[in-house]
Amino acid sequence: MDHRRRVTLSKRMSLALRHEPGRFGLTLDPAGWVAVDEFLAALRIDRADFDTVVALDDKHRFAVADGRVRANQGHSVTVELGYAPARPPAVLYHGTSATALESIRATGLHRGTRHHVHLSPDEATAHRVGSRRRGAVTILTVDAAAMARDGHVFYRSENGVWLVDAVPQRYLGEP
Ligand code: HQG
């Protein structure tokens, strides 16, 4: 399977597991899992292709365990992922488009349609996240140590993305 096909399949799988399971006739359990067999039938993907996407996905977006699959993060549907609160590194990063900066400076980072604000452990990752947007990329630093001290709860997804409810503007800076 070539790279393009893998990306296409990964996007469809993400759509089904994060945002619109109903569109594929699927129901996720409360933690976001669905049986692999059911998932493959619903998306009309064969097992070998599925295994390839899961194994080679550049961000390890999918977890497979006990015959079930789920997305590690990124949901807009309600799920309880069950990650334990975790102590973040002192600084985390957020990559976004330069055009969002003014609004972010005014109101902080909001989670939008997703469950959490997504933060990256390093600038390079944040840059890749921000590059999904049009135009120039901006990297913001997040004073995670101060946030944690002030009682904000952080989670780290299975695939290394840091999650938090919101980032008030006073914790934001520039690298
Ligand atoms: C922006 C991808 C204006 C925020 C990535 C972002 C990530 C504001 C956008 C994961 C704002 C939300 C999540 C404010 C936040 N004013 N804009 N006050 N607060 N924003 O896609 O972080 O490839 O929901 O900066 O790698 O871009 O899907 O979040 O640009 O890990 O696996 O609102 O999605 O992973 O966009 O990306 P998103 P994100 P996958």
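Two strands count as a pair here if DSSP finds at least two bridges between them. Keep that in mind for the close-ups below, and remember that this is a predicted model.

**The whole chain, split into its domains.** Let's get our bearings before zooming in. The protein is divided into domain 1, covering residues 3–71, and domain 2, covering residues 91–173. How far apart are the centres of domain 1 and domain 2? Taken over C-alpha atoms, 26 Å separate them.

**A hairpin made by β2 and β3.** Here strand β2 (residues 62–65) runs antiparallel to β3, and four bridges join them. One spot to look for is F62, which stands opposite A71 in β3. Between β2 and β3 there are two residues, and the pair forms a hairpin. Now find D66 in the turn: its phi is positive, at about 50 degrees.

**β1 meets β3.** Strand β3 (residues 68–71) also has bridges to strand β1 (residues 34–35). There are two of these bridges, and the strands run antiparallel. To see how they line up, look for V34, which stands opposite V69 in β3.

**Two residues with an unusual backbone angle.** First, some background: most residues other than glycine have a negative phi. R44 goes the other way, with a positive phi of about 50 degrees although it is not a glycine. You'll find R44 in the loop between α2 (36–43) and α3 (47–56). Is R44 buried or exposed? R44 counts as exposed because it has 8 C-beta neighbours inside 10 Å, and the cut-off for exposed is 12 or fewer. D66 isn't a glycine either, and its phi is also positive at about 50 degrees. D66 sits in the loop between β2 and β3. With 7 C-beta neighbours inside 10 Å, D66 counts as exposed.

**The open sheet β4-β6-β9.** Three strands make up this open sheet, in the order β4-β6-β9, and their pairing is antiparallel. Why is one side of β4 and of β9 left without a neighbour in the sheet? Because β4 (91–97) and β9 (172–173) stand at the edges, where each has a single partner strand. Seven bridges join β4 to strand β6 (residues 137–143). Along this pairing, V91 stands opposite D143 in β6, and L92 stands opposite V142. β6 and β9 pair over two bridges, again in the antiparallel sense. Try finding T141, whose bridge partner in β9 is G173.

**Side chains taking turns along β6.** Which residues of β6 point to one face and are buried? They are T138, L140 and V142. V137, I139, T141 and D143 point to the other face and are not buried. Follow the strand residue by residue and you can see the side chains alternate.

**A helix lying across two strands.** Now bring helix α5 (residues 123–130) into the picture, lying across β4 and β6. How does α5 run relative to β4? The angle between them is about 25 degrees.

**The residues around the ligand.** Around the ligand there are 16 residues. Which of them come nearest? They are T96, A100, S103, H118 and V129. Helix α4 (residues 101–107) gives the largest share of the shell, with three residues. Sorted by class, the shell has five nonpolar, seven polar and four charged residues.

**The open sheet β5-β8-β7.** Here's another open sheet of three strands, this time in the order β5-β8-β7, with antiparallel pairing. At its edges stand β5 (117–119) and β7 (155–156), each with a single partner strand, so one side of each is left without a neighbour in the sheet. Two bridges join β7 to strand β8 (residues 162–164). A handy landmark is Y155, which stands opposite L163 in β8.

**R149 and its surroundings.** To finish, look at R149, which lies in helix α6 (residues 144–149). Since 9 other C-beta atoms lie within 10 Å, R149 is exposed. How far is R149 from A31? In sequence they are 118 residues apart, and in space they are 28 Å apart, C-alpha to C-alpha.

Conventions: Residues are numbered from 1 along each chain as its sequence is written. This is a predicted model: local features need pLDDT of at least 70, side-chain atom pairs count only at pLDDT 80 or more; totals for chains, interfaces and linings use all residues. Two residues are in contact if their C-beta atoms, placed from the backbone, lie within 7 Å. Axes are lines fitted to C-alpha atoms, for helices over the stretch in contact, and angles run from 0 to 180 degrees between N-to-C directions. Domain bounds come from an automatic or database domain assignment. A residue is near a molecule or strand if its C-beta atom, placed from the backbone, lies within 6 Å of it. Ala, Val, Leu, Ile, Met, Phe, Trp, Tyr, Cys and Pro count as nonpolar, Asp, Glu, Lys and Arg as charged, and the others, Gly among them, as polar. A residue is buried if 20 or more other C-beta atoms lie within 10 Å of its own, exposed if 12 or fewer, and partly exposed in between; C-beta atoms are placed from the backbone.
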